[in-house]
Amino acid sequence: DTIALQHGAHRIGVRTDADMARWRSLRFGQFIHWGVYAIPGGEWKGKTYNGAAEWIRSWKELPHEEYDNLYRQFNPVNFDAQQWASQAKEMGAKYMIITTKHHDGFCLWPSKYSKYTIAASPYKKDLLGPMVAAYNKAGIDVYLYFSIIDWSHPDYRASLKTAADSAANKRFQVFVKNQLAELLQRYPTVKGFWFDGTWDDSWKRDGAFTDELEQYLQSIHPGLVMGSRLRADEKGARHFDSNGRLMGDYEQGWERKLPEKIEDVHGNDWEAVMTVPENQWGYNAQWAGHIKTANELLEMLVKSVSLNGNFVLNFGPKADGTFRTEEQQLMTQIGQWMKINGEAVYNGTYAGFEKQDWGYYIRKAGTDSVYMVVFNIPVSGSLRVKMPAHTSLVSVSLQQQTLTPELIGRNEYFIHLSGKQSDTPVVILLKTTSGENKEKGNF
Ligand SMILES: C[C@@H]1N[C@@H](c2cn(-c3ccccc3)nn2)[C@H](O)[C@@H]1O
């Protein structure tokens, strides 16, 4: 039985309003991690930092004093918001998440609550305004990444040991609330926040504040979409409250990992965020280790949508405001596939078919259209399709070409792709209908 909670989940089940339906329909997002950490790019004085580039300040080889003065060199003269937005549009992203400030506390906007901002850099000008405008003009929604952890703020405390710590934490909470309200006031077309850095004890232990903050933000900007990483309940439980109920609007725990099966997402909305290298979010010059290919990333996108989730792919622009060639090529390659096959992704939902080895099923929300996105064409060339109970197969097509499947059992078919090879995922459209199959099936 459940325990009484003041600051646990306030909703059971998914959000059903239009703003959340819009978030759910977008399915594919672009994450951008950009800040002064792009200057060292994972290296310092000839040595390579083997952690994530945006965490280089925590490296003992780089004195805090030196890192904290890098902003004096931050001057992205080649930053072109229009170009950023058009390449994101070409890739097929429908929303973008930008780091307004990462754990180091450097603000990409001229916040009046901090001195450690773009206004103090040689560049001086606000970076967020032009980004939001250019992306929105390109038809792409913008979400704001905001790190609660702020290594630059004198009142930030990871844990509260003394009364002085608690007083500092109170001041820090006011600072957080002020900056968030400032961001909403400056950028009213943003659709939500993507909170990070909420694992420290100082945050977890004040569930009431996290609850009040979320409600405050909703009150000044109704419809905001915010994931589960913001909140803690009054017992310090995060993402899922002490009764196991999801807090926030979607499960925001899938960072560099994906669920395997539909049961793993518990009927909730969810989103996965993914890096191209193993674990680099900010610009990293080295890019050592495995760099994911377009096909690998397309499979992650399709797998996420097939399990009712969103997929956000991360990019780390250089300090001058340009993207490395490999990232530009990825955006182009992914975009070439999305241009033709995006209909299988956008508005995609869990189809309810039994998973097969050849790939993933995606149902277009609210329709009888089910897409098969094939990543593994079997040596037999035969793709097995078992219709769910009480559904029938009406037609099969591949790029508008009608295919005739072979009935191989009760409501079970082979779709023959004999001889077909492909170096990109193949999309087949099934038109289905509810109701028992006729004796001989429709074919
Ligand atoms: C979205 C990603 N979240 C940030 C992060 C992840 N982590 C982290 C910390 C401890 C364990 C696992 C992950 N710390 N910061 C990364 O820096 C990036 O911003």
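Here a trainee and a mentor talk through a ligand site and a sheet in a predicted model.

Mentor: In this predicted model local features need pLDDT of at least 70 and side-chain atom pairs count only at pLDDT 80 or more, while totals for chains, interfaces and linings use all residues. Residues are numbered from 1 along each chain as its sequence is written, and side-chain values use heavy atoms, with hydrogens and water left out.

Trainee: What makes a residue near the ligand?

Mentor: One of its heavy atoms must lie within 4 Å of the molecule. The residues surrounding the ligand include His33, Glu54, Trp55, Tyr145 and Asp196.

Trainee: Why is the pair between Glu54 and the ligand called a polar contact?

Mentor: A polar contact is a pair of N or O atoms within 3.5 Å. A polar side-chain atom of Glu54 lies 2.7 Å from a ligand oxygen, so the pair meets that cut-off. Tyr145 also has a polar side-chain atom 3.4 Å from an oxygen of the ligand, and for Trp55 the value is 3.1 Å, to a ligand nitrogen.

Trainee: How do you know that β14 and β18 pair?

Mentor: Strands (DSSP runs of E, at least two residues, numbered from the N terminus) pair if DSSP finds at least two bridges between them. β14 and β18 (residues 412-416) have five, in the antiparallel sense, so they count as paired. Within that pair, Leu383 stands opposite Ile415 of β18.

Trainee: What makes β14 and β17 edge strands?

Mentor: The open sheet has the order β14-β18-β17. β14 (382-386) and β17 (406-409) each pair on one side only.

Note on methods:
A polar contact is a pair of N or O atoms within 3.5 Å; within protein, one must be able to donate a hydrogen and the other to accept it, and residues adjacent in sequence count only if both atoms are side-chain atoms. Helices (H or I, at least four residues) and strands (E, at least two) are DSSP runs, numbered from the N terminus.
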